[in-house]
Amino acid sequence: MPVTVLLVDDEPLVRAGLRAVLDAQPDIEVVGEAADGASVIPLVRQLRPDVVAMDVRMPLLDGIEATRAVLRTVDCPPKILVVTTFENDEYVYQALRAGADGFLLKRARPSEIVHAVRLVAEGETLLFPAAVRALAAEYGNRQARALLERAALTEREEAVLRLTARGLTNVEIAAELIIGTETVKSHVSAILAKLGARDRTQAVITAYESGFVSPA
């Protein structure tokens, strides 16, 4: 079955460009489009896409609020890939905190767009650009530090979280630590449970906000 995608952007040319890139792939299918975040929930319920490619800045309902609404009201919500023009956009960081699963620049090459959709659909986080990592560190807070302390991660779980924050996939983490991929998945599941994180993205944000991982 192909990965199904819903495109949400107020610029028709952007939607057309993304559709052309994604529909050219045999394993990806664009199943719908929306010009604003206010249309996302009914379309998600109707089309059940695997991934929503969501513009972060839209006139009626932006990508941050649309992300929150989807995750709050839709059963088994899709993965959400934030799409934006500027990598140092604070809106992107807020969308990731709201529960988005990854980040993509509109100027990305076609191969990068396809890779991002596939990666998010598989449930493996994207590498945050340096500007977004710096924003996360800047927003560091006591709550995140206390949360990480209470989690009491094991030494191996800490290593997996650091590598996850660098953007490595499960396969790459397994190779780095010389352990099996299933073992990595078990460690990731344990990390998410201990941090109370919805997914890898939320865990990585906590890692940056707490100072456990440096943005450098």
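These legends go with a set of close-up views of a predicted model.

**View 1. How confident the prediction is along the chain.**
Averaged over the protein chain, pLDDT comes out at 88, with 94% of residues reaching 70 or more. Strand β1 (residues 3-8) is where confidence is highest, at 97. At the other end of the scale sits helix α6 (residues 130-138), where it is lowest, at a mean of 70.

**View 2. Leu7 and its neighbours in strand β1.**
Leu7 has a relative accessible area of 1%, so it counts as buried, the cut-off being under 20%. Leaving aside residues up to four places away in sequence, Leu7 touches Arg15, Leu18, Arg19, Leu22, Val30, Gly32, Glu33, Ala34 and Ala53. Look across to Val117 as well: this residue is 110 residues from Leu7 along the chain, and their C-alpha atoms are separated by 11 Å.

**View 3. Helix α5 and what covers it.**
Helix α5 takes in residues 110-122, 13 residues altogether. From its first C-alpha to its last it reaches 19 Å, close to the 18 Å expected at 1.5 Å a residue. Its buried residues are Ile113, Val114, Ala116, Val117, Leu119 and Val120. An α-helix has 3.6 residues a turn, so residues three or four places apart point the same way. The cover over the buried residues of α5 includes β1, helix α1 (12-23) and the strands β2 (28-34), β3 (51-55), β4 (79-84) and β5 (102-105). Right after the helix comes Gly123, with a positive phi near 90°.

**View 4. The cavity among α8, α10 and α11.**
Searching the whole structure turns up 1 cavity of 30 Å³ or more, and the volume of the largest cavity is about 40 Å³. Its lining is made up of Val160, Leu161, Thr164, Val188, Ile191, Leu192, Arg200 and Ala203. Two or more of these residues come from each of α8 (155-165), α10 (181-195) and α11 (200-209). Sorted by class, the lining has 6 nonpolar residues, 1 polar and 1 charged.

**View 5. The second largest pocket, with α11 in its lining.**
This pocket has a volume of about 240 Å³. Of its 13 lining residues, Arg97, Leu147, Gln202, Thr206 and Glu209 are the closest to the centre. Helices α7 (142-151) and α11 are the elements that give two or more residues to the lining. Which element gives the most to the lining? That's α11, with 4 residues. By class, the pocket lining has 5 nonpolar, 5 polar and 3 charged residues.

Definitions and conventions
Residues are numbered from 1 along each chain as its sequence is written. This is a predicted model: local features need pLDDT of at least 70, side-chain atom pairs count only at pLDDT 80 or more; totals for chains, interfaces and linings use all residues. Side-chain values use heavy atoms; hydrogens and water are left out. On a 1 Å grid over the protein atoms alone, a cavity is a set of points where a 1.4 Å probe fits but cannot get out, and a pocket is an open set with protein on both sides within 12 Å along at least five of seven lines; lining residues have an atom within 4 Å of a point. Grid points are joined across faces, edges and corners, and a volume is the space filled by probe spheres set on the points. Ala, Val, Leu, Ile, Met, Phe, Trp, Tyr, Cys and Pro count as nonpolar, Asp, Glu, Lys and Arg as charged, and the others, Gly among them, as polar. pLDDT is the predictor's confidence in each residue, from 0 to 100. Buried means under 20% relative accessible area, exposed over 50%, partly exposed in between (1.4 Å probe, protein chains only). Contact means heavy atoms within 4.5 Å. The expected span of a helix is 1.5 Å times one less than its number of residues.
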